[in-house]
Amino acid sequence: MTFEEYAFARAGALLRFARLLTDDEHRAEDLVQDVLAKAYARWGRISRTDRPDVYVRRMLVNTHHSWWRRRSSREVAVEAVGERPATGDEAAEVAERDALWRLVRQLPRKQRTVIVLRYYEDLDDARIAEILDCSTGTVRTHAKRALDTLRAAPSAISTGGSR
């Protein structure tokens, strides 16, 4: 597979993954662009691996963590830029999803990454461990701690209806 074919086929999924990692649409676009530029330069080596997607996702995670550590890349985020036009009444499902996502955003970086890979990207522990370059036990530990934190959150779904 050529780099162009890979980038065309996987750009949407990579952008979605980056968006979930960064919680910022524009930063996610920058992250994917940076990683694809690095991947292009190394494509000969990456394409020879059994699973180039795992390699590129690991690059995304590592680059995201590097950005997070670098003080110069920290920007002050505002809670809301402006109101979006209403598309109808807010459904309970949307409110629940929003409340849950707010809790996920508060998780420590590694726990959040595991939750995103497991539940948003639907990857198994082995694949997550491969992407994060750690053991499956470490993945399970981060997932358990994250889920314990999310379960312990007081009325996480308070804005939604009853379940």
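His-65 is buried in this predicted model, with a relative accessibility of 10%. The value falls under the 20% cut-off for burial, so His-65 is classed as buried. The residue belongs to helix H4, which spans residues 52-69. Its side chain is joined to that of Arg-109 by a polar contact of 2.9 Å. Arg-109 also appears among the residues that His-65 touches, together with Thr-113, when residues up to four places away in sequence are not counted.

Thr-63 is a further member of helix H4. This residue is buried too, because its relative accessible area is 7% and burial means under 20%. Leaving aside residues up to four places away in sequence, Thr-63 touches Leu-31, Val-35 and Lys-38. Helix H4 thus provides two buried positions described here, His-65 and Thr-63.

Thr-138 lies in helix H8. This helix covers residues 136-152. The relative accessible area of Thr-138 is 31%. Partly exposed residues fall between the 20% and 50% limits, so Thr-138 is partly exposed. A polar contact of 2.9 Å links the side chain of Thr-138 to the side chain of Ser-135. Thr-138 was also compared in position with Val-114. The two residues are separated by 24 residues in sequence. Their C-alpha atoms are 9.8 Å apart in space.

Terms used
Residues are numbered from 1 along each chain as its sequence is written. This is a predicted model: local features need pLDDT of at least 70, side-chain atom pairs count only at pLDDT 80 or more; totals for chains, interfaces and linings use all residues. Side-chain values use heavy atoms; hydrogens and water are left out. Helices (H or I, at least four residues) and strands (E, at least two) are DSSP runs, numbered from the N terminus. Buried means under 20% relative accessible area, exposed over 50%, partly exposed in between (1.4 Å probe, protein chains only). A polar contact is a pair of N or O atoms within 3.5 Å; within protein, one must be able to donate a hydrogen and the other to accept it, and residues adjacent in sequence count only if both atoms are side-chain atoms. Contact means heavy atoms within 4.5 Å.
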